[in-house]
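Colleague: I've only got a few minutes before group meeting. Could you take me through this one, question by question?

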Amino acid sequence: MGEINPHQNFKNNFNQDEHLFIESVTPEEELSLQAVLLAEVVKRLLETKANLKLSEKPNIQKQPIVEFRKRMRVVSLDKFPIGSYISVVNFYLNEKEMKVHKAIGAIVVSVAEDYISFLFKKMEYPLIDDDDPAVLEDAVGTLANLIAGNFKAGITQWGYQDLAMSSFRSYKNDVIDGVEFDATQKEKYVISFIIRGTKMIDIELTLGKVPRNQAVAYKRIIKKGDI
Amino acid sequence: MKILIIDDSLLDRRLLMKVISSSGITVEIVQASDGDEGLKILSQSSEEIALVLLDWQMPKMSGIEVLKAMSKNADFKKIPVIMITASASEDSRQMARDAHPDLAGYLVKPYKTERLIEMIRLWVK
């Protein structure tokens with residue numbers, strides 16, 4: 001486990017124009033880059049949709065996946081001792097694989113219970129009843145859908161194949177039956193977001209090998225500023 | 001005249017209702033929390049539905065499956081559908097257009113409320 005500094009990890013891949021060619025990264029670096037993209041997606045959503053600036057850069061950490069009965073364990077109580085709501089969106093290579101639950105990855109969004117109402121008010125949603133667990137589950141699911149959809153669009157722009165995406169499923173404090181994932185993956189990325197000095201959102205990303213559209217990928221580059 | 005919102009997110013449905021009501025468009029709004037329920041409402045009152053606002057990722061029946069079902073039904077086919085989804089890629093847009101060639105609009109979340117109202121006003125005066 002350790003904090004990721006994408007600029008340091010990939011500095012050798014930057015050319016004179018300070019661009020990073022996706023083709024030159026290893027599969028391990030690929031997921032790391034995707035985690036950086038996910039962090040950027042969430043940061044921009046918070047800035048544009050909720051007019052919220054992060055107190056500090058998102059903290060991105062690589063962690064081992066704990067597998068239980070072929071599913072990824074997710075427990076949020078160690079991240080948010082006061083309680084949180086969790087929502088899961090899975091990715092699949094296509095609609096057919098979604099029907100048979102053969103996941104290629106997952107995004108797991110956890111939000112501190114005390115701040116769900118605050119975040120949605122900032123995003124100009126109608127006021128929500130923060131005493132109603134069903135409403136809070138729905139709220140975190142709505143956020144997970146927004147994040148996953150925008151992340152999916154982001155990796156597609158990088159030349160990866162467009163993925164099928166599940167509807168959200170939400171829980172309180174832990175995902176009792178675990179999360180579908182690609183069992184070839186042994187590690188995941190956990191990204192924490194500090195807003196107004198408080199950790200409000202935590203996102204886990206696991207993603208297996210996603211095919212790339214080479215015609216697009218060979219032209220696709222990431223500007224240094226993007227990460 | 002009614003607008004049918006098909007979206008599994010209660011908050012997104014509430015947001016859409018808030019946007020429509022604050023725009024001054026006077027229309028009755030009916031809601032469904034998944035595609036299956038949406039098609040049932042359409043089969044009961046398709047004559048009254050002026051516009052469908054449709055999410056993509058939903059349990060039981062996805063927005064794409066709803067689009068396919070609507071394009072195959074002569075009564076439903078003429079009802080304009082605006083897809084409102086977090087899936088922003090061009091491939092996703094194409095998949096929606098393939099499912100329903102007469103798709104009235106495709107709006108990506110998070111959307112600008114002015115843009116949504118503009119699109120609704122094309123179909124509901």
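Modeller: Sure, terms first: two strands pair if DSSP finds at least two bridges between them, and helices (H or I, at least four residues) and strands (E, at least two) are DSSP runs, numbered from the N terminus. This is a predicted model, where local features need pLDDT of at least 70, side-chain atom pairs count only at pLDDT 80 or more, and totals for chains, interfaces and linings use all residues. Residues are numbered from 1 along each chain as its sequence is written, with chains lettered from A and ligands numbered from 1 in the order in which they are written.

Colleague: Okay, into chain B. In β2(B), what is the bridge partner of Leu4(B)?

Modeller: Start with the pairing: strand β1 (residues 2-6) of chain B runs parallel to β2(B), and 5 bridges hold the pair on record. Look across from Leu4(B) into β2(B) and you land on Val30(B).

Colleague: In what order do the 5 strands of the open sheet in chain B come?

Modeller: The 5 strands pair in the parallel sense. At the edges sit β2 (28-32) and β5 of chain B, each pairing on one side only. From one strand to the next the twist averages 20° (angles run from 0 to 180 degrees between N-to-C directions, and axes are lines fitted to C-alpha atoms, for helices over the stretch in contact). Reading across chain B, the order is β2-β1-β3-β4-β5.

Colleague: How many of the 6 residues of β3(B) are buried?

Modeller: β3(B) pairs with β1(B), parallel, over 5 bridges, and Ile3(B) has Leu51(B) as its bridge partner there. A residue is buried if 20 or more other C-beta atoms, placed from the backbone, lie within 10 Å of its own, exposed if 12 or fewer, and partly exposed in between. β3(B) is largely enclosed by the rest of the structure, because the buried count is 5 of 6.

Colleague: And in β5(B), what is the bridge partner of Thr85(B)?

Modeller: β4 (residues 81-85) of chain B is mostly covered, with 4 of its 5 residues buried. On one side, β4(B) pairs in parallel with β3 (residues 49-54) over 3 bridges, where Leu54(B) is matched with Met83(B). It also runs parallel to β5 (residues 105-108) of chain B, joined by 4 bridges. In β5(B), Thr85(B) is matched with Val108(B).

Colleague: What hand does the β-α-β unit of β4(B), α5(B) and β5(B) have?

Modeller: Point the strands away from you and follow the path from the first strand over the helix to the second: clockwise counts as right-handed. The unit made by β4(B), α5(B) and β5(B) is right-handed.

Colleague: Is Ile84(B) buried or exposed?

Modeller: Ile84(B) sits in strand β4 of chain B. Leaving out residues up to four places away in sequence, Ile84(B) touches Leu53(B), Leu54(B), Asp55(B), Leu107(B), Lys109(B) and Tyr111(B) (contact means C-beta atoms, placed from the backbone, within 7 Å). Because Ile84(B) has 23 C-beta neighbours inside 10 Å, it counts as buried.

Colleague: Which element gives the most residues to the side of chain B that touches chain A?

Modeller: In total, 20 residues of chain B are in contact with 23 residues of chain A. α1 (10-22) and α5 (90-99) of chain B are the elements that give two or more residues to that side. With 6 residues, the biggest giver is α1(B).

Colleague: Are α5(A) and α1(B) roughly parallel or roughly perpendicular to each other?

Modeller: α5 (residues 133-157) of chain A packs on α1(B) with the axes 7 Å apart, at an angle of about 80°. Val135(A), Asp138(A), Ala139(A) and Thr142(A) of α5(A) make the contact with Leu10(B), Leu11(B) and Asp12(B) of α1(B). Angles from 65 to 115 degrees count as roughly perpendicular, under 35 as roughly parallel, over 145 as roughly antiparallel, and the rest as oblique. The two helices are therefore roughly perpendicular.

Colleague: Last one: what percentage of the 227 residues in chain A are buried?

Modeller: Chain A has 6 helices and 12 strands. Among its contacts with a separation of 6 or more, 77% link residues 24 or more positions apart. The buried share of chain A is 43%.

Conventions
Two residues are in contact if their C-beta atoms, placed from the backbone, lie within 7 Å.
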